[in-house]
Number of protein chains: 2
Amino acid sequence: MKKKAVNFSEILARFSEHWSPKIVARMNDCEFRVVKFQGEFVWHSHEETDEAFIVLEGSMTIQLRDGRVDLSEGEMWVVPKGAEHRPSAESVCSALVIETAGTVNTGKTGGDLTTTPDDWT
Amino acid sequence: MKKKAVNFSEILARFSEHWSPKIVARMNDCEFRVVKFQGEFVWHSHEETDEAFIVLEGSMTIQLRDGRVDLSEGEMWVVPKGAEHRPSAESVCSALVIETAGTVNTGKTGGDLTTTPDDWT
C-alpha cells in the first residue's frame with residue numbers, strides 16, 4: 001500500500017490564518033506543527049520542552065533576552081527549555097515547529113494569542 | 001548577541017559521503033541528523049523510537065513491509081517505532097532525520113553501514 005507523505009506546500013495552501021498551528025505529524029512524544037505568522041508574538045517560555053523552529057517559507061527572528069536569531073527558509077534553531085523568547089516576522093513567514101505534545105503556544109504568558117493547535121494528522 | 005541558525009545548505013556543502021549522519025541540532029532527547037545517500041540501505045527497525053524523515057534535496061523512498069512512501073523535497077514522514085523499513089534513493093538525496101539521541105542507524109540489523117553520527121552541533 002502506498003502511503004502519503006506530509007507535503008508542506010500542500011499544507012500551507014490550505015490555510016492563511018496567523019499564529020494558528022496545525023499538527024501535521026507526531027514522533028514519540030513530540031508534535032510537528034505548521035504555523036504562519038506576521039508581526040510580533042508575545043514574550044513567553046516553555047518550562048517543559050525545547051522548541052525547534054524550521055523555516056519553510058519567508059524569514060523570521062527569534063528574540064531572546066540575551067540576543068536574537070535570524071532565520072530564513074532552510075534554516076533552523078532550537079529555543080532551549082525555559083528560555084524566554086519572542087518570534088516575529090516582518091512579512092508572512094511559515095515555519096515548522098517541533099515540541100512536546102500539548103505545549104501551550106504562549107507558555108505561561110497567556111493572552112489573546114493562546115490557542116489549541118488544529119489536528120491535521 | 002546574535003546567534004547563528006543552522007543552515008541546511010551550508011551543512012550540505014560541507015560533506016559528500018553517503019549514509020554518514022551529521023548531528024546538527026538537539027531538542028529534548030532527540031537529535032536532528034543531516035544525511036546524504038544513494039542506493040538502498042538495509043532493512044532495519046528501531047524498537048525505541050519513531051524516526052522522522054524530512055527531505056531537504058532530491059527524493060527518496062521508504063520501503064515498509066506493508067507498503068512504501070515516496071518523499072520529495074519539502075515532504076516528511078514518520079516511521080513508527082518498531083516498523084521495519086528500508087530507505088532508498090535512485091539519485092543522491094539529502095534528508096533531515098529526527099530520532100531519539102543515540103539511535104543506531106541500522107537498528108539491530110548491524111552490518112557495514114552501521115556508523116556513529118558525527119557531532120556537528
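User: How many residues does each chain bring to the contact between chain A and chain B?

Analyst: In this predicted model, chain B supplies 28 residues and chain A supplies 28 residues.

User: Which elements of chain B give two or more residues to the side that touches chain A?

Analyst: They are strand 1 (2-3), strand 2 (6-7), helix 1 (8-13), strand 3 (22-27), strand 7 (67-72), strand 8 (75-79) and strand 9 (85-100) of chain B. Strand 7 of chain B gives the most, with 5 residues. By character, this side of chain B divides into 13 nonpolar, 7 polar and 8 charged residues.

User: Where do strands of the two chains join?

Analyst: Look at strand 2 (residues 6-7) of chain A: 2 bridges join it to strand 8 of chain B, and the two run antiparallel. There you will find A:N7 opposite B:E75.

User: And how should I read the relation between the copies?

Analyst: In general, a rotation about an axis and a shift along it relate two copies of a chain. Here, a rotation of 180° with 0.0 Å of shift along its axis superposes chain B on chain A, with an RMSD of 0.0 Å. The copies are thus related as by a two-fold rotation axis. Also, 100% of the interface residues of chain B are interface residues in chain A too, so the copies meet through the same surface.

User: Is B:F15 buried, exposed or partly exposed, and why?

Analyst: A residue counts as partly exposed when its number of other C-beta atoms within 10 Å falls between 12 and 20. B:F15 has 15, so it is partly exposed. You will find B:F15 in the loop between helix 1 and strand 3 of chain B. B:F15 and B:K36 are 21 residues apart in sequence, with 8.6 Å between their C-alpha atoms.

Terms used. Residues numbered from 1 in each chain as written. Chains lettered and ligands numbered in written order. Predicted model: local features only at pLDDT ≥ 70, side-chain atom pairs only at ≥ 80, totals over all residues. Contact = placed C-beta atoms within 7 Å. Helix = DSSP H or I, 4+ residues; strand = E, 2+ residues; numbered from the N terminus. Nonpolar A, V, L, I, M, F, W, Y, C, P; charged D, E, K, R; others polar. Pairing = 2+ DSSP bridges. Least-squares fit on C-alpha atoms with pLDDT ≥ 70 in both.
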